[in-house]
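Subject: Structure for you to look at

Hello,

Here is the structure I promised to pass on. Please open it first, then read my notes below.

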Amino acid sequence: MKRTALLLGALVLSFLLVAGGTLFAAGEKEAAEPEVIKIGAAVSLTGGLSRFGELVKNGYELWKDTVNAQGGIDVGGKKLPVEIVYYDDQSDNQTAAKLTEKLITEDRVQFLLGPYGSGPTFATTAIAEKYNIITMACLANATNIYERGFQNVFSVLAPATRIFASYVDMLAVQSPKPSKVAIIYPNDNFPAAVAKGANEYAKSKGFQVAYIEEYTKGVKDLSSTILKIKNSGAEVLMGSGYLEEAILTVRQLNEQKVALKAVGFTTGPELLDFRTSLGDDANDIFGVSWWMPEMSYSDPLFGSTGDYAEKYKARYGEGLTYQAAGASQAGLLLQLAIEKAGSLETDKVREALRSYDGSTFWGPTRWDQTGQNMAGQTVTFQIQNGEVVTVFPPAAAQAKPVYPMP
């Protein structure tokens, strides 16, 4: 009898311990439920890319504050506010990678919003893949980023190889049509991919690529390159460098009195800095953009493309470019995926991203299996009388292109 009582007591004690442990574990789980969606972003706030890093941060902040003003992101019926942890990658790829690891391992972010540029994104996404963290790559579309079999990187922009397509299409319908083009680019991921695509597409449209050259990123003198362009007989120039290189190219074209019918850049003419630095010499220069405020798209968060532009202007003043809009789009696409998944789990959010096929204030997005946005298109604009106006394709044009350049 005594032995039976002891056994019964032991069983009761065991049950209480198990039940207590279960209740404790449940309490821990409940306490661990997130009250905020924590996102990390290493962007260039100092160094050579800081002008663009500032635009990227502006775009992220505008998205964050807009969604938080509506109570946050709906996760399975519960709205959670967004918090973004920023670090300055100092325009250095290695620093960007180290800070990304810090964001994941120390700050415990749940998702990542990418840096400006394909170089740092190539580095940071390798870290994110290691830890199974999704990166929304706002401004990184060099194809080599998406050729590594990674599962957790999604591009806002269409492949870099396609950015000059609208510019080449515009040249192809001019009368008389130019026959020879020149292409110059720095030795960096994005510009190299752009040049490759421009070279192939120009040839497919019947143009002769009279001259093509890669130069050192951040170069301070392009005079020898300009002379070679002049001697090649090229009538049109495509440059895929960055802001300072675009400004340098225009100045040295003028110094050497190189008469071209059209000069276009991937980066620079959309920025007020370009027009301020060059003054009247900026007039008639072409640019290409993944997005312009004149487009006609909409979504429930920002409203129309024009509404987004007004929101940006009210907060940051003049100077809205596709770089800032692309950053806001990255945040919005992540938000839509979380809401569709009803979860913050990486696997569920990833699946929601992969199945997305829709349009926002930015325009259409549809990813292939590598994470590249295959739905994006570009427009060509021109600086006319000191103002940026879209000139091609005709459906998006505010004015006709001034061609050939005076």
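**Backbone outliers**

N385 is exposed, with a relative accessible area of 75%. Its place is the loop between β17 (379-384) and β18. The phi of N385 is positive, near 55°, and this residue is not a glycine. Bear in mind that this is a predicted model.

N132 is another non-glycine residue with a positive phi, here near 60°. Look for N132 in the loop between α4 and β6 (135-137). N132 counts as partly exposed, because its relative accessible area is 33% and the exposed class begins over 50%.

G206 also has a positive phi, about 90°, just after α6.

Two cis peptide bonds are worth checking. One joins F392 and P393, with omega about 5°. P393 falls in the segment after β18 (387-392). The other runs from Y403 to P404, with omega near -5°. P404 is likewise placed in the segment after β18.

**The chain overall**

The chain has 12 helices and 18 strands. Its C-alpha trace spans about 110 × 40 × 35 Å along the principal axes. Of the 406 residues, 53% are buried. Take the contacts with a separation of 6 or more: 70% of them come from residues 24 or more positions apart.

**Helices**

Start with α6 (residues 189-204). This helix has 16 residues. From first C-alpha to last it reaches 23 Å, close to the 22 Å expected at 1.5 Å a residue. Its buried residues include F190, P191, V194 and N199. Alanines are on that list too, among them A193, A195, A198 and A202. What do the buried residues of α6 pack against? Two helices, α4 (118-130) and α5 (165-172), and three strands, β8 (180-186), β9 (208-215) and β10 (236-239).

Next, the pair α3 and α4. Helix α3 (residues 93-105) packs on α4 at an angle of about 30°, and the axes are 8 Å apart. The two are roughly parallel, because the angle is under 35 degrees. Their crossing is right-handed. On the α3 side, the contact uses N93, A96, A97, T100, E101 and I104. On the α4 side, G119, P120, A123, T124, I127, A128 and K130 take part.

**Salt bridges**

How many salt bridges does a search of the whole structure find? The count is 15. Three are described here.

K64 and E61 form one, at 3.2 Å from N to O. Both residues sit in helix α2 (residues 50-69), 3 residues apart, about one turn of the helix. K64 and E61 are both buried.

D347 and R350 form another, at 3.1 Å from N to O. Both are in helix α12 (residues 346-354), again 3 residues apart, about one turn. R350 is buried, since its relative accessible area of 11% is under 20%. There is also a network: salt bridges with shared partners link E61, K64, D65 and R315.

K102 pairs with E106, and their closest N and O atoms are 3.3 Å apart. Are these two residues buried or exposed? K102 is partly exposed at 28% relative accessible area. E106 is exposed at 57%.

Best wishes

Notes
Residues are numbered from 1 along each chain as its sequence is written. This is a predicted model: local features need pLDDT of at least 70, side-chain atom pairs count only at pLDDT 80 or more; totals for chains, interfaces and linings use all residues. Side-chain values use heavy atoms; hydrogens and water are left out. A salt bridge is a side-chain nitrogen of Lys or Arg within 4 Å of a carboxyl oxygen of Asp or Glu. Helices (H or I, at least four residues) and strands (E, at least two) are DSSP runs, numbered from the N terminus. Buried means under 20% relative accessible area, exposed over 50%, partly exposed in between (1.4 Å probe, protein chains only). The expected span of a helix is 1.5 Å times one less than its number of residues. Contact means heavy atoms within 4.5 Å. Axes are lines fitted to C-alpha atoms, for helices over the stretch in contact, and angles run from 0 to 180 degrees between N-to-C directions. Angles under 35 degrees count as roughly parallel, over 145 as roughly antiparallel, 65 to 115 as roughly perpendicular and the rest as oblique. A crossing is left-handed if the near helix is turned anticlockwise from the far one by less than a right angle, and right-handed if clockwise.
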